[in-house]
Amino acid sequence: MTNQLRQIIFGPNHRWWALSVAALATFMVTTDAGLLSISLPVIVAEFRTDIAMGGWLPFIYALVTGSLYLPCGRLSDLFGRKRTLSGGFLIYTLTALMAGFSQTIGQLIFFRGLQAAGSALMMANTFALVTALFSPAERGRAMGISGGMISALGFVVGPALGGLITYALGWRSVFYVSFCLGIVGLLGSRFILRDEKAGAEDEKITAPFDFVGTATFALSLTTLLLALTAGQKGLWHTPLVRSELALAALSLAGFIWWEGRVRHPLLDLGLFRIRLFAAGNVARLASFVTVSMNQLLMPFFLQLGLGLDALRAGLLMATASVGLGVLSPFTGWLSDRIGARLLSSAGLALMGVSFLSLVFLDLGASSPDIALRLGLLGIGLGLFQTPNNNSLMSSIPRDRLGVGSSFLSIVRSLGLSIGVATASAIVSSRLVAATGQTSLDALTSAGPAANNAPLLSAFMQGYRNTCLTAAVLCFLGALAAGMGGSKKR
């Protein structure tokens, strides 16, 4: 029976079995954020701490993953996908169990940071694994399944599953679920993946790891995220935030200078001479900046502006993920045949049209009207994401797939952080005149916005300006995607 099972797994369809491991890693990471976000109020109440301390749980996760994506991608190129992905599952699984046993909020934050290290090892390998396993004729469809459809499923399932588990079994069970999924992923990575070498064997033996590049990049990203986190609370003009932005710029400049001179760099800057890679990442950044703007402000509009409860608001928000999940496998398959440029440009342009339609939303909007506009946004994202990812990863040399895959994850993290900070700044500039506060906290503490006409008016002006800004960014991203290369590879 064992030999028959091995023949099935390692037969002609082995690449699809391996894809299931990458898809599970993607599902775990995308579901994880929704699972924890729903549990956060319960965690804060149990440990009798404040919201600021609870906010360190998502912040430490973003900080650690963003700092480690590039080093983990380089480790993947040096030691192979199987080893690093298995290590990621192992770290993620063990720390999830320890997080579930945490007795203080400090312990939980610590183990959450360690869990983020496992997540970085996993996500630095998913795109690289798919690119290495599948030929160009099938790569788009595979990425559409593992990166598009599974990601959308995780984003939709996460909050709903997290709410159900927390309500029925308590917040600790959220981490126990991650532990169980991690066990399945660890077994899959160990017994399904082949121990293939990513690059030349002599390079693996002699190439040193770039510790200086790792340190300078981590410093630049850490200080940037700290500045963005403080800035979205209205503290842009404080000396601390300015110092953090200055240190982020200096350390990033030092990182670029060092990477251009070291023999074995953490990030090969030559990748940015590849037009598909450079232009595709510009478009990818625009997509995630604008998506995070909508994710931040739309719940405020639905719950405080229209007075919807959390369940109805969540269901409406989920309509933006439907188009991504349904279209991703199809657009991946289509990009293998007609190329990615047309699909990517059309997708971002459609997202821009959707944001323009959101500019004209008012407080009399019906649920079907809102669902239609958000659905259009999801269709645009579904048209864009998988073809663009396929084009990006197909343009990278095989011995740099790990670094390229991790850079895509960095762009996603930066885009989400920049989008939140930008949307907060735009809305805060309007709120300050009406409330005297520069933070979105003014909305959450005011209760239903219908009871406060000046507050509601200020928020709606900021919301419309944010949507208009997002539309402009999408159209600029569509131009970048159109300049990425020829119609067909």
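Analyst: Let's start with a term: a residue is buried when its relative accessible area is under 20%, exposed when it is over 50%, and partly exposed in between. Cys474, at 0% relative accessibility, therefore counts as buried. Keep in mind that the model here is a predicted one.

User: What share of the 489 residues in the protein is buried?

Analyst: Buried residues make up 54% of them.

User: And how many helices and strands does the protein have?

Analyst: There are 18 helices and zero strands.

User: How do I read the contacts? What part of the contacts with a separation of 6 or more comes from residues 24 or more positions apart?

Analyst: Here the idea is to set distance along the chain against touching in space. In this protein, residues 24 or more positions apart account for 84% of the contacts with a separation of 6 or more.

User: Can we try that on single residues? Where is Ala22 found, and what is it in contact with?

Analyst: Ala22 is found in helix 2, which covers residues 14-46. Leaving aside neighbours within four places in sequence, Ala22 is in contact with Thr126, Leu129 and Val130. Ala22 also sits 8.9 Å from Leu85, C-alpha to C-alpha, although the two are 63 residues apart in sequence.

User: Why does Ala22 count as buried?

Analyst: Because its relative accessibility is 1%, and the cut-off for buried is under 20%.

User: Let me look further along the chain. Which helix holds Leu374, and which residues does Leu374 touch?

Analyst: Leu374 is found in helix 15, residues 367-394. Beyond its neighbours within four places, Leu374 is in contact with Asn294, Met298, Leu316, Met317, Thr319, Ala320 and Leu358. Take Met317: its C-alpha is 7.4 Å from that of Leu374, with their positions 57 residues apart along the chain. Leu374 is buried too, with a relative accessible area of 0%.

User: What do partly exposed residues look like here? How accessible are Val472 and Arg83?

Analyst: Val472 has a relative accessible area of 46%, so it is partly exposed. Arg83 comes out at 44% and is partly exposed as well. Val472 lies in helix 18 (residues 453-482), and its C-alpha is 9.0 Å from that of Leu356, 116 residues away along the chain. Arg83 has its place in helix 5 (residues 81-100); Arg83 and Arg194 are 111 residues apart in sequence and 9.7 Å apart in space, C-alpha to C-alpha.

User: Next, nonpolar cores. How many residues has the largest one, and which have the most contacts inside it?

Analyst: When you read a core, look for the residues that tie it together. The largest nonpolar core has 68 residues, and those with the most contacts inside it are Ile43, Leu57, Leu70, Phe89, Leu108 and Met122. Helix 6 (residues 105-133) gives the most to this core, with 17 residues. Apart from it lies another core of 44 residues, including Ala313, Leu361, Ala423 and Met460.

User: What does Phe89 touch?

Analyst: Not counting residues up to four places away in sequence, Phe89 touches Val21, Ala25, Met28, Met122, Gly182, Gly185, Leu186 and Ser189.

User: How many disulfides are there in the whole structure?

Analyst: A search finds zero. As for the cysteines, Cys474 is buried at 0% relative accessibility, and Cys72 is buried with a relative accessible area of 5%.

User: Last feature: what volume does the second largest pocket have, and how many residues line it?

Analyst: With pockets, read the volume first, then ask who forms the wall. The volume is about 480 Å³, and the lining has 22 residues, of which Phe217, Leu252, Phe407, Ile410 and Leu414 lie nearest the centre. The elements that give two or more residues to this lining are helix 10 (211-231), helix 11 (239-259), helix 12 (275-305) and helix 16 (401-435). Helix 11 gives the most, with six residues.

User: How do the lining residues of that pocket divide into nonpolar, polar and charged?

Analyst: They divide into 20 nonpolar, two polar and no charged.

Notes:
Residues are numbered from 1 along each chain as its sequence is written. This is a predicted model: local features need pLDDT of at least 70, side-chain atom pairs count only at pLDDT 80 or more; totals for chains, interfaces and linings use all residues. Side-chain values use heavy atoms; hydrogens and water are left out. A nonpolar core is a set of buried Ala, Val, Leu, Ile, Met, Phe, Trp, Tyr and Cys residues joined through side-chain atoms within 4.5 Å. Buried means under 20% relative accessible area, exposed over 50%, partly exposed in between (1.4 Å probe, protein chains only). Helices (H or I, at least four residues) and strands (E, at least two) are DSSP runs, numbered from the N terminus. Contact means heavy atoms within 4.5 Å. A disulfide is a pair of cysteine sulfur atoms within 2.5 Å. On a 1 Å grid over the protein atoms alone, a cavity is a set of points where a 1.4 Å probe fits but cannot get out, and a pocket is an open set with protein on both sides within 12 Å along at least five of seven lines; lining residues have an atom within 4 Å of a point. Grid points are joined across faces, edges and corners, and a volume is the space filled by probe spheres set on the points. Ala, Val, Leu, Ile, Met, Phe, Trp, Tyr, Cys and Pro count as nonpolar, Asp, Glu, Lys and Arg as charged, and the others, Gly among them, as polar.
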